[in-house]
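Take a walk through this protein, one contact at a time. The tour begins with a pair of charged side chains.

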Amino acid sequence: MKQLLVFVLFAGLFCWLMFSPVYKHVLVIRQALLQQEADYLLEIGASGRYGYIDAGMQADSRARLAQHGFDPSRLEYEVGSTTGAEADNPALPLPRGVGLKLVIRYPYDNLLTIDRLIGLEPPGPEQRMAAGGMKMSEYAP
């Protein structure tokens with residue numbers, strides 16, 4: 001009986017050691033892709049040509065992230081400004097010097113469920129990984 005228990009515990013630990021790095025790698029890649037997309041949107045949105053991040057830019061971003069395996073319907077975008085002004089309205093672009101803020105969120109999708117084998121509690125279904133930043137608008141009317 002003791003040998004069976006040792007085998008079961010060893011098998012669980014062995015599975016975790018084999019597969020955990022794969023899931024962690026997927027998590028790191030997803031986080032990097034989200035941050036890269038946030039940086040790109042901020043660079044375009046805060047440029048002298050735009051001064052905003054509108055729904056069309058967000059739709060293009062969803063399409064780009066979908067090419068990397070993200071579910072576009074589960075991506076959440078939060079756009080704001082340092083002054084509280086609307087940062088997603090093309091009719092009222094943010095003037096030069098106002099900060100344009102962006103946060104992109106995506107669920108963990110049970111990536112870390114295998115960590116239960118060693119007693120770690122994975123993130124819940126309501127928790128999201130996030131990437132974001134802020135860039136000063138360069139738009140000058």
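Start with Glu-76 and Arg-128, whose side chains meet in a salt bridge at 3.0 Å, N to O. Glu-76 lies in strand E1 (residues 76-81) and Arg-128 in strand E3, so this pair ties together parts that are 52 residues apart in sequence. Glu-76 is partly exposed, at 33% relative accessibility. Arg-128 is partly exposed too, with a relative accessible area of 32%.

Before going further, note that the model is predicted. The protein averages a pLDDT of 89, and 99% of the residues score at least 70. Confidence is not even along the chain. The lowest mean is in H1, at 84. The highest is in E2, at 97.

Now return to the charged pairs. How many salt bridges does a search of the whole structure find? The count is 6. One of them joins Lys-135 to Glu-43, with the closest N and O atoms 3.5 Å apart. Lys-135 sits in strand E3 and Glu-43 in helix H1 (residues 2-45), so the bridge ties together parts that are 92 residues apart in sequence. Lys-135 counts as partly exposed, at 25% relative accessibility. Glu-43 also counts as partly exposed, at 45%.

Strand E1 has a further charged residue to look at. The side chain of Glu-78 meets that of Arg-105 in a salt bridge of 2.9 Å, N to O. Arg-105 is in strand E2 and Glu-78 in strand E1, so distant parts of the chain, 27 residues apart, are linked. Arg-105 is partly exposed, at 27% relative accessibility. Glu-78 is partly exposed as well, at 43%. Elsewhere, salt bridges that share partners join Arg-30, Arg-74 and Asp-109 into one network.

Asp-109 deserves a second look. Where is the place of Asp-109? Asp-109 is in the loop between strand E2 (99-107) and strand E3 (128-136). Its phi is near 60 degrees, a positive value in a residue other than glycine. Asp-109 is partly exposed, with a relative accessible area of 28%.

Next comes the nonpolar interior. The largest nonpolar core has 25 residues. Which of them touch the most other members? They are Leu-34, Leu-75, Leu-102 and Ile-104. H1, H2, E2 and E3 each supply at least two residues of this core. The largest share, 6 residues, comes from H1.

Pick out Leu-102 from that group. Set aside its neighbours within four places in sequence. Leu-102 is then in contact with Ala-38, Leu-41, Leu-42 and Ile-53, among others. Its contacts also include Tyr-77, Glu-78 and Val-79. Ala-131, Gly-132 and Gly-133 complete the list. Glu-78 therefore appears twice on this tour: it touches Leu-102, and it forms the salt bridge with Arg-105.

Helix H2 is the next stop. H2 (residues 55-66) has 12 residues. From its first C-alpha to its last it reaches 16 Å, close to the 16 Å expected at 1.5 Å a residue. Which residues of H2 are buried? They are Met-57, Gln-58, Ser-61 and Leu-65. These buried residues cover an arc of only 100 degrees around the axis, which puts them on the same side of H2. The helix repeat helps here. An α-helix has 3.6 residues a turn, so residues three or four places apart point the same way.

Ala-59 is in helix H2 as well. Is Ala-59 buried or partly exposed? At 41% relative accessibility, Ala-59 counts as partly exposed. Ala-59 and Ala-140 are 81 residues apart in sequence, and their C-alpha atoms are 25 Å apart in space.

Finish in strand E3, at Met-134. Met-134 is partly exposed, with a relative accessible area of 48%. Met-134 and Ala-46 are 88 residues apart in sequence, yet 9.2 Å apart in space, C-alpha to C-alpha. Leave out residues up to four places away in sequence. Met-134 then touches Leu-42, Thr-82, Gly-99, Leu-100 and Lys-101. Leu-42 has come up before, as a contact of Leu-102.

How values were computed
Residues numbered from 1 in each chain as written. Predicted model: local features only at pLDDT ≥ 70, side-chain atom pairs only at ≥ 80, totals over all residues. Heavy atoms only, no water. Helix = DSSP H or I, 4+ residues; strand = E, 2+ residues; numbered from the N terminus. Buried < 20%, exposed > 50% of the residue type's maximum accessible area, 1.4 Å probe, protein only. Expected span 1.5 Å × (residues − 1). Arc of directions from axis to C-beta. Salt bridge = Lys/Arg side-chain N within 4 Å of Asp/Glu carboxyl O. Core = buried A, V, L, I, M, F, W, Y, C linked by side-chain atoms within 4.5 Å. Contact = heavy atoms within 4.5 Å. pLDDT = per-residue confidence, 0-100.
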